[in-house]
Every structure is written in C-alpha cells, then in structure tokens.
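The following paragraphs offer a guided reading of one protein model. Please keep the sequence and the structure in view while following them.

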Amino acid sequence: MLYLDGFKREFRAFMDEQSRKLKAIHDPWSAEGQALVLEAIRNESFEKMYLEAMETMPEAFIPIHMLFVKIKVNGVPTFAFIDSGAQISLMALSFVQQANLEHMMDTRYQGIVSGIGGADRMAGRIYSCEFEIGDAKFKAKVDVMNDKFDVLIGLDFMRRHRCCIDLAKNRLVFNETTYAEFLSDAEIKEWEKDRDNLRDSKFKVDEDKLAQLIGMGFNQKDSEEALRSTVNHLSDAVRSLYHQAQKDDDDIANAGDKMEH
C-alpha cells in the first residue's frame, strides 16, 4: 500500500503539471506557454532530423569498437589499445607484474595523469622495454598506472615509429613497411574474458596491506576486494572503501526517509 500511495501521489502531481502546461500553451499572453510551444517545435525538428539520419546513414548509429592490436611485452602476449589522443604510452601495473617488469620500474617517478576519462595516479616509469608487434620489435618508454588496458600505445610511440592508422585496410602501419591488423570486436571480448580469468587465478592480495585495512576498521571481505580492484595499491584501496562506506550510509539514510513517508 505504501508504494501504491506513492505512485498515486506522483501520478496526480504529473497530471496536474501537464494540465498547468496545457493551460499555459493556450494562453496567448503566457511567456511560459510560448516557451513550451517553441520547445515542442524544436523537438519535432530534432525527431525529423533523427529519422532522416537513420534512413540515410544507419551505420552511424551502430556502436563501434576501439582499435586494438596484438602485442608481446617481455614475451607475454596481450592486446594494445591504440589511442592517438593520448600524449604518452601507458602500461597497467597489473600487467607489469604479469610480465615480470617490476624490477625495471622507477617508482621515484610519480605524478597524476589526466585525460578525458579523469585523473589517476602514476605508479612509476619504465624507461625502455620491448614491444613485439607482428614480426617487428620496438623499444618503448611507458608510464605505469592502474589502467584498464594492459598496454596503451600513445602518440609518443606512434610519432617515433611513424605509425599510420589505416582504417581503409583496418591496420596499424609502422615505418611504412610493417603493419598489424586491428582486432575484431569478438576477438577483443574473448581476450578480455580470458585475461580477467587469468588475473583472478594469479593475483594475490598483499597480506600486510590487508592487515592495515582491517586495522582501520574495514571488514576483511571488502578489504580484499578493494586491494584486488586496485592491484594492492593501499591508498587507492582506502579511498575506494571510504567511498563505498559513504554510499552505503547514503543508501541507508534514503531508505529511512522512504520508510518515514
């Protein structure tokens, strides 16, 4: 009954608002009514443009997948995300560990990397590692962070090796001679599934950091999950746990408000 009464109130308020708008539209002296008429005309124009676009170029409404190529780093195979909008090339800390490159990472190099997706903390820098793409090998400098892609090839690498993104032939060309085919959406999804399963089976939570989180008052299960999602990065795990705790408190408060009403 509580939810039914709430629905009735919301529906009644909605109908009252629609009635008020209709009266305003029929009032020639109402500024709000004129604005509503103008909005209706504009929305009708948008609908016509949408239908025309759907008819003339329906392919524009099909989601496209991003550009990935097969790559080996220190002999470990993975996929590299090709991002011409990124100034620098990146490597995920989890993949650095998987490829046994931690000893090459200079952790003195710290900072914040900002982009369209937001900002994240840099874990360090590898000054030189080897990318094997197709039959060719390339030296690369990468910054290491908790990125969702194992390897991100940015503009620095692409300029150095004179890369060309050839969408007509669906491939990435290096130095006008070597090339690598871009992967299909199905290949990318299958690889992501296999990669996540591999990470879950190999990843080990840092026991010392887990103990620190439990000592702060967080429960063990949430602490393990936070360390797993941040690849044992303590400060990021703490931030994640506090954020989740705040969200849980807000949910409880909102639920209490609904019960009172």
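The model is predicted. A convenient point of entry is Phe174, whose bridge partner in strand S11 is Thr178. Strand S11 covers residues 178-181 and runs antiparallel to S10, to which 4 bridges join it. The hairpin of S10 and S11 has 3 residues between the strands. Asn175 lies in that loop, and its phi is near 50 degrees, a positive value in a residue other than glycine. Most residues other than glycine have a negative phi. Asn175 is partly exposed, because its relative accessible area is 27% and the class runs between 20% and 50%.

On its other side in sequence, S10 is paired with strand S9, residues 164-166, again in an antiparallel arrangement, through 3 bridges. Within this pair, Cys164 stands opposite Val173. The hairpin of S9 and S10 has 4 residues between the strands, and here Asn170 takes a positive phi near 55 degrees. How is strand S10 itself covered on its faces? Both faces are covered: Arg171 and Val173 are buried on one side, and Leu172 and Phe174 are buried on the other.

A further positive phi occurs at Asn100, about 55 degrees, although the residue is not a glycine. Asn100 is found in the loop between helix H3 (93-98) and strand S4 (105-106). With a relative accessibility of 55%, Asn100 counts as exposed, since that class begins over 50%.

Strand S4 leads to Asp106, which has its place there. Asp106 is buried, since its relative accessible area is 11% and the limit for that class is under 20%. The side chain of Asp106 makes a polar contact of 2.6 Å with that of Tyr127. Asp106 also forms a salt bridge with Arg108, in which the closest N and O atoms are 3.0 Å apart. Is Arg108 buried or exposed? Arg108 counts as exposed because its relative accessibility is 72%; this salt bridge therefore has a buried residue, Asp106, at one end and an exposed residue, Arg108, at the other.

Another salt bridge brings together the side chains of Arg125 and Asp143, at 2.6 Å from N to O. Arg125 lies in strand S6 (residues 118-133) and Asp143 in strand S7, so the pair ties together parts that are 18 residues apart in sequence. Here both Arg125 and Asp143 are buried.

Strand S7, which spans residues 136-145, is largely enclosed by the rest of the structure, because 7 of its 10 residues are buried. Strand S3 (residues 90-92) runs parallel to S7 and is joined to it by 3 bridges. In this pairing Met91 stands opposite Val144.

A contact of distant sequence positions involves Asp236, placed in helix H8 (residues 234-260). The C-alpha atoms of Asp236 and Asn146 are separated by 9.7 Å, while the two residues are 90 residues apart along the chain. Asp236 is buried, with a relative accessible area of 11%.

The N-terminal part of the chain can now be considered. Helix H1 comprises residues 2-25 and includes Phe11. Phe11 counts as partly exposed because its relative accessibility is 45%. Together with Phe7, Phe14 and Met15, Phe11 makes a nonpolar surface patch of about 440 Å².

Helix H1 also carries a salt bridge between the side chains of Arg20 and Glu17, at 2.7 Å from N to O. Because these two residues are 3 residues apart in H1, they are separated by about one helical turn. Arg20 counts as partly exposed at 35% relative accessibility, and Glu17 is partly exposed at 30%. Glu17 and Arg20 are linked with Glu32 in a network of salt bridges. The structure holds 4 salt bridges in total.

Glu32 also takes part in the capping of helix H2: a side-chain oxygen of Ser30 lies 3.4 Å from the backbone nitrogen of Glu32, so that Ser30 caps the N-terminal end of H2. How far apart are the end C-alpha atoms of H2? They are 38 Å apart, which agrees with the span of 38 Å that its 26 residues, 31-56, should have at 1.5 Å a residue. Among the residues of H2, Gly33, Leu36 and Ala53 are buried.

Note on methods: Residues numbered from 1 in each chain as written. Predicted model: local features only at pLDDT ≥ 70, side-chain atom pairs only at ≥ 80, totals over all residues. Heavy atoms only, no water. Buried < 20%, exposed > 50% of the residue type's maximum accessible area, 1.4 Å probe, protein only. Pairing = 2+ DSSP bridges. Patch = residues over 30% accessible without salt bridge, like charges linked within 9 Å, V, L, I, M, F, W, Y side chains within 5 Å. Areas by Shrake-Rupley, 256 points an atom, 1.4 Å probe, with all protein chains shown as cover. Expected span 1.5 Å × (residues − 1). Polar contact = N/O pair within 3.5 Å; in protein donor to acceptor, adjacent residues only side chain to side chain.
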